[in-house]
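Please open the model in your viewer and keep the selection panel at hand, as each stop on this tour begins with something to select.

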Amino acid sequence: MSRISYLNGKFLPHDDCLVPIDDRGLQFGDGVYEVILFKNNKLIDSNPHIERLFRSLNEVKISHNFDKEFFQNLAKELFQKNNLKKGSIYLQISRGVMNRIQNCPTGFEPTVVATVSPLKNFSQEEFEEGISVITSDDIRWHRVDIKSLNLLPAVLTNQKAKDLNFNDAIFVRDGFVTEGTFANVFIVDKNDTVITRNADNFILQGITRNRIIDLAKKRNLKVEERKFGVEELTNAKEVFLTSSTLILRSVTKVNDKIISNKAGEISKLLREDYLNFIG
Ligand code: PLP
């Protein structure tokens with residue numbers, strides 16, 4: 001069965017979903033996106049994901065008439081057409097197609113693209129083993145709270161980590177940890193306090209992050225949303241990253257510092273809680 005994707009109201013074979021050269025997403029990265037996990041016929045945390053999409057659209061002033069049901073129905077139909085029971089949906093909305101001008105006028109039809117993919121396999125063994133990360137200067141703009149298409153700084157930094165034989169990177173701005181290239185960062189200190197950066201304009205407020213905070217509180221763990229520096233990161237008892245598709249990845253090495261030789265206890269519990277939550 002061929003892969004079916006969505007473009008502006010039509011479900012088409014993936015390779016036939018063609019966007020014009022003058023699309024603002026292509027020319028300027030002028031658009032926003034969202035990635036949502038799908039399992040057992042339902043989108044995981046669909047309301048907060050779609051609310052964040054509306055927030056991103058609002059922040060970049062892309063006008064639209066979409067409502068929540070539109071995206072929920074689109075997702076269900078696309079998973080059905082691809083015969084996928086679990087996976088993730090990628091939704092992208094650009095400002096639309098117009099002559100190449102430097103400002104961002106309203107009144108154009110946004111371009112809507114959606115694709116679904118099977119889940120990347122991140123096994124229990126990989127989780128237990130953990131990943132290695134470098135810390136790297138946060139070279140992104142000051143509004144990464146918007147899930148915009150401009151991912152070049154994250155892509156280059158992720159590649160830099162791979163070139164150095166590490167799995168990923170954690171951004172640092174003004175001496176404080178912001179987030180991963182495509183994930184939020186948590187640490188667990190010696191007193192089992194779960195700490196993650198407060199949601200300001202220098203991180204994307206992850207939906208998985210928020211859910212993990214909620215699950216940690218349900219376990220009566222102390223949670224602090226605050227800034228922390230590289231020293232606190234490298235001295236933590238546990239470090240982990242959260243994101244919708246990879247859920248919770250334990251970090252066992254930061255730069256040349258070994259955090260632990262396998263995933264920590266709190267990381268394990270919170271990952272299990274999350275897996276139970278999604279069913
Ligand atoms: N931070 C960044 C920069 C991301 O790109 C992502 C996900 O892609 C996240 C955090 C995690 O967000 P979520 O948990 O909503 O997937």
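Which residues of H5 are buried? In this predicted model, select helix H5, residues 152–163, whose 12 residues reach 16 Å from the first C-alpha to the last, close to the 16 Å expected at 1.5 Å a residue. The buried residues to highlight within H5 are Ala-154, Thr-157, Asn-158 and Ala-161. They lie on the same side of H5, because they cover an arc of only 100° around the axis. In general, residues three or four places apart point the same way, since an α-helix has 3.6 residues a turn.

Add strand E7 (131–137) and strand E8 (168–173) to the selection, and you will have the two strands against which the buried residues of H5 pack. Then turn to the face of H5 directed away from its buried side, where Leu-152 and Asp-163 are exposed. Just after H5, select Asn-165, which takes a positive phi of about 65°.

The next stops are internal spaces: a search of the whole structure finds two cavities of 30 Å³ or more. For the largest cavity, with a volume of about 50 Å³, select its lining, which consists of Lys-61, Ile-62, Ser-63, Arg-95, Pro-105, Thr-106, Gly-107, Phe-108 and Pro-110. Coloured by character, this lining of the largest cavity divides into four nonpolar, three polar and two charged residues.

Finally, select Leu-37, Ile-44, Asp-45, His-49, Ile-207, Thr-208, Ser-244 and Tyr-274, which line the second largest cavity. This second largest cavity holds about 40 Å³ of space, and the residues of its lining comprise four nonpolar, three polar and one charged.

How values were computed: Residues are numbered from 1 along each chain as its sequence is written. This is a predicted model: local features need pLDDT of at least 70, side-chain atom pairs count only at pLDDT 80 or more; totals for chains, interfaces and linings use all residues. Side-chain values use heavy atoms; hydrogens and water are left out. On a 1 Å grid over the protein atoms alone, a cavity is a set of points where a 1.4 Å probe fits but cannot get out, and a pocket is an open set with protein on both sides within 12 Å along at least five of seven lines; lining residues have an atom within 4 Å of a point. Grid points are joined across faces, edges and corners, and a volume is the space filled by probe spheres set on the points. Ala, Val, Leu, Ile, Met, Phe, Trp, Tyr, Cys and Pro count as nonpolar, Asp, Glu, Lys and Arg as charged, and the others, Gly among them, as polar. Helices (H or I, at least four residues) and strands (E, at least two) are DSSP runs, numbered from the N terminus. The expected span of a helix is 1.5 Å times one less than its number of residues. Buried means under 20% relative accessible area, exposed over 50%, partly exposed in between (1.4 Å probe, protein chains only). The arc is that of the directions from the helix axis to the C-beta atoms. Contact means heavy atoms within 4.5 Å.
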